[in-house]
There are 2 protein chains.
Amino acid sequence: MNALATQTSFPPYSPQSQAMAVAGPIDIDQLSRHVQILRRKLAPGQHAYRAGQSFHAIYLVHAGFLKTCELSEDGRERVTGFRMRGDLVGVESIGLAHYSCDVVALDDSEIWELPYPPVMHACLYMPELQSRLTAALAEEIRNDRAWMLALGTLSAEQRVAAFLLDMARRHLRLGFSARHFLLRMGRADIASFLGLKHETVTRALTRLDRLQCIEVQRREIRLLDADGLQRMAGQGETIH
Amino acid sequence: MNALATQTSFPPYSPQSQAMAVAGPIDIDQLSRHVQILRRKLAPGQHAYRAGQSFHAIYLVHAGFLKTCELSEDGRERVTGFRMRGDLVGVESIGLAHYSCDVVALDDSEIWELPYPPVMHACLYMPELQSRLTAALAEEIRNDRAWMLALGTLSAEQRVAAFLLDMARRHLRLGFSARHFLLRMGRADIASFLGLKHETVTRALTRLDRLQCIEVQRREIRLLDADGLQRMAGQGETIH
DNA sequence: CGGAGTGTTGAAGCCGCTCAAGGACGGTGG
DNA sequence: CCACCGTCCTTGAGCGGCTTCAACACTCCG
């Protein structure tokens with residue numbers, strides 16, 4: 001058993017910490033003067049909300065790890081993203097009477113409920129909140145589009161490489177090691193997100209391991225050659 | 001030569017017309033009191049903007065047909081969507097100094113340039129503009145996610161069916177026939193959008209034709225069995 | 001221990017891709 | 001008006017990557 005295995009959950013969100021993944025730091029202290037912020041804890045497997053429930057709030061992930069799932073009428077399902085500390089959740093349902101997707105905790109998590117009409121109203125008193133919110137939505141679109149590009153143009157192995165790099169970057173942004181981390185989701189969730197089957201993800205991980213790019217042991221990942229992964233995924237930037 | 005062939009471009013946008021595809025009708029008259037709106041005409045192949053140009057405005061499509069393209073550093077490219085009358089364009093770049101994608105006219109088009117800092121400022125005087133804008137962004141996210149679900153779970157033929165139904169619905173919303181329309185883009189653009197190759201799109205269209213679901217003749221499409229297409233694409237709703 | 005859940009590995013098959021050729025259309029210039 | 005050209009679309013044949021199906025290993029927990 002190593003240090004990673006005992007790191008059960010991410011530390012809490014604070015506005016003074018690293019730049020927020022999506023929205024940039026939201027001034028929670030100021031916001032809490034205008035809206036009642038409810039803290040909700042979720043155990044693994046619990047839903048933050050489900051498609052069809054009436055929309056009343058967006059959420060800021062304060063700790064833990066969650067996935068968002070898109071559902072179709074005929075039962076098809078797909079993971080559309082993974083959320084961690086600092087990410088906003090629920091913004092995709094703004095403007096609707098009901099949430100349009102499922103959000104499920106993959107780990108012990110805490111999310112802060114920001115009741116929506118009140119938040120919107122608070123924007124009148126906090127002009128920068130409005131632009132932060134809008135910027136967060138735009139960022140979400142860009143993020144989705146970047147993945148659409150990846151899923152449409154990369155092979156299975158390249159997608160898995162890109163996925164690992166994305167995880168690494170986000171871990172880094174939260175102050176964790178980008179070279180050594182635990183995946184919080186199963187192979188099936190990764191596969192669903194990448195538009196593959198879980199066996200294919202396993203095989204890709206095994207191959208990357210054999211190529212000495214990474215070391216895999218179930219959910220524990222060690223990046224041995226991040227540059228190699230980046231070349232593979234067709235990305236120029238480097239993880240610092 | 002038939003009626004469709006002579007219908008070279010879509011009629012203009014007006015706030016009184018059908019519900020806007022993305023944002024709901026924006027009150028352009030009122031907005032124009034606060035913001036200088038510039039009308040730009042584009043010929044087929046011309047860019048509304050390119051990735052990397054400095055961001056200064058979002059656009060409302062007033063007439064015509066455009067595509068948005070995502071680009072990667074290593075030259076991969078993908079069409080991420082098609083825009084027609086009433087659609088907002090450029091919102092994905094809000095919060096950035098530079099546009100993040102390319103937008104190209106596929107047809108003679110007119111777009112209305114809404115300078116962005118001024119629009120944001122106008123929101124202070126037009127509170128409903130802000131919520132419309134936010135709702136438009138959220139709608140964009142849902143739209144992208146719905147396609148992510150489709151592309152990850154449907155076969156080539158099903159994707160093409162879903163694509164045709166989407167086109168049909170959007171034509172209908174603009175007051176055109178949902179059963180008979182002209183595709184404004186080539187096979188390669190459809191393929192890129194659907195994560196396929198152009199030959200595969202051709203073959204899927206040919207098969208749908210043989211199955212009597214549609215009639216294809218180059219870019220002219222006639223839906224013979226919309227319900228059949230819907231069942232095929234795993235969607236329950238009906239085009240009215 | 002045993003059983004469930006999850007991850008790994010193998011073998012075979014299929015869907016979509018690749019490569020290649022030919023056809024239809026639209027524009028241009030003789 | 002027709003010949004020519006480039007672009008777009010279509011079709012075929014063969015291949016390959018991912019999926020499918022199946023069996024087995026590992027880990028966690030009762």
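Sugar and phosphate supply 63% of the atoms of DNA strand D that lie within 4 Å of the protein; bases supply the rest. The model is predicted. Around DNA strand D stand 18 residues. The closest are A:A156, A:T200, A:R203, B:R187 and B:R203. By class, the residues of this surface are two nonpolar, seven polar and nine charged.

Two contacts to DNA strand D go to phosphate oxygens. One joins a phosphate oxygen to a polar backbone atom of A:K197, at 3.3 Å. Another places a polar side-chain atom of B:R187 at 2.7 Å from a phosphate oxygen. B:R203 reaches a base instead: an N or O atom of its side chain is 2.9 Å from a base nitrogen of DNA strand D. The elements that give two or more residues to this surface are α7 of chain A and α7 of chain B. α7(B) gives the most, with five residues.

**DNA strand C**

Which residues are closest to DNA strand C? They are A:R187, A:R203, B:A156, B:T200 and B:R203, out of 18 that surround the strand. Of the strand's atoms within 4 Å of the protein, 64% are sugar and phosphate. The residues of this surface divide into two nonpolar, seven polar and nine charged.

Chain A contributes a side chain here: a polar atom of A:T202 lies 3.1 Å from a phosphate oxygen of DNA strand C. Chain B contributes a backbone atom, with B:K197 at 3.4 Å from a phosphate oxygen. A base is reached too. A polar side-chain atom of B:R203 sits 3.0 Å from a base oxygen of DNA strand C. Two elements give two or more residues to this surface: α7 (198–210) of chain A and α7 (198–210) of chain B. α7(A) gives the most, with five residues.

The table sets out the polar contacts to both strands.

| Protein residue | Protein atom | DNA atom | Distance |
|---|---|---|---|
| A:T202 | polar side-chain atom | phosphate oxygen, strand C | 3.1 Å |
| B:K197 | polar backbone atom | phosphate oxygen, strand C | 3.4 Å |
| B:R203 | polar side-chain atom | base oxygen, strand C | 3.0 Å |
| A:K197 | polar backbone atom | phosphate oxygen, strand D | 3.3 Å |
| B:R187 | polar side-chain atom | phosphate oxygen, strand D | 2.7 Å |
| B:R203 | N or O side-chain atom | base nitrogen, strand D | 2.9 Å |

**A:R187 and its surroundings**

A:R187, one of the closest residues to DNA strand C, belongs to helix α6 (residues 187–194) of chain A. Leaving out residues up to four places away in sequence, A:R187 touches A:H198, A:V201, A:T202, A:L205, A:V216 and A:R218. A:R219 is 32 residues from A:R187 in sequence, yet their C-alpha atoms are 8.7 Å apart.

**The three-stranded sheet of chain B**

Three strands of chain B form an open antiparallel sheet in the order β9-β11-β10. Why do β9 (180–182) and β10 (214–217) each have one side without a neighbour in the sheet? They stand at the edges and have a single partner strand each, so one side stays unpaired. Neighbouring strands are turned by 15 degrees against each other on average, direction ignored. β10(B) pairs with β11 (residues 220–223) of chain B over four bridges, in the antiparallel sense. B:Q217 has B:E220 in β11(B) as its bridge partner. Helix α5 (residues 156–173) of chain B packs on this sheet and touches β9, β10 and β11. The helix direction makes about 100 degrees with that of β9(B).

**The four-stranded sheet of chain B**

A further open sheet of chain B has four strands, in the order β2-β7-β4-β5, with antiparallel pairing. Its edge strands are β2 (47–49) and β5 (77–84), each pairing on one side only. Neighbouring strands here are turned by 30 degrees on average, direction ignored. β2(B) and β7 (residues 102–105) of chain B pair antiparallel over two bridges. B:H47 stands opposite B:V104 in β7(B).

Helices cover part of this sheet. α5(B) lies across β4 (65–71) and β5 of chain B, at about 25 degrees to β5(B). Helix α6 (residues 187–194) of chain B also touches β4 and β5, with its direction at about 105 degrees to that of β5(B).

**Chain A against chain B**

How many residues of chain B are in contact with chain A? There are 42, and they meet 42 residues of chain A. The buried area is about 3700 Å², with 61% from carbon and sulfur atoms. B:R76, B:R145 and B:M148 supply 20% of the area that chain B buries against chain A, more than any other three residues.

Methods: Residues are numbered from 1 along each chain as its sequence is written. Chains are lettered from A and ligands numbered from 1 in the order in which they are written. This is a predicted model: local features need pLDDT of at least 70, side-chain atom pairs count only at pLDDT 80 or more; totals for chains, interfaces and linings use all residues. Side-chain values use heavy atoms; hydrogens and water are left out. A residue is near a molecule or strand if one of its heavy atoms lies within 4 Å of it. A polar contact is a pair of N or O atoms within 3.5 Å; within protein, one must be able to donate a hydrogen and the other to accept it, and residues adjacent in sequence count only if both atoms are side-chain atoms. Ala, Val, Leu, Ile, Met, Phe, Trp, Tyr, Cys and Pro count as nonpolar, Asp, Glu, Lys and Arg as charged, and the others, Gly among them, as polar. Two strands pair if DSSP finds at least two bridges between them. Axes are lines fitted to C-alpha atoms, for helices over the stretch in contact, and angles run from 0 to 180 degrees between N-to-C directions. Contact means heavy atoms within 4.5 Å. Buried area is the accessible area (1.4 Å probe) that two parts lose on being put together, summed over both.
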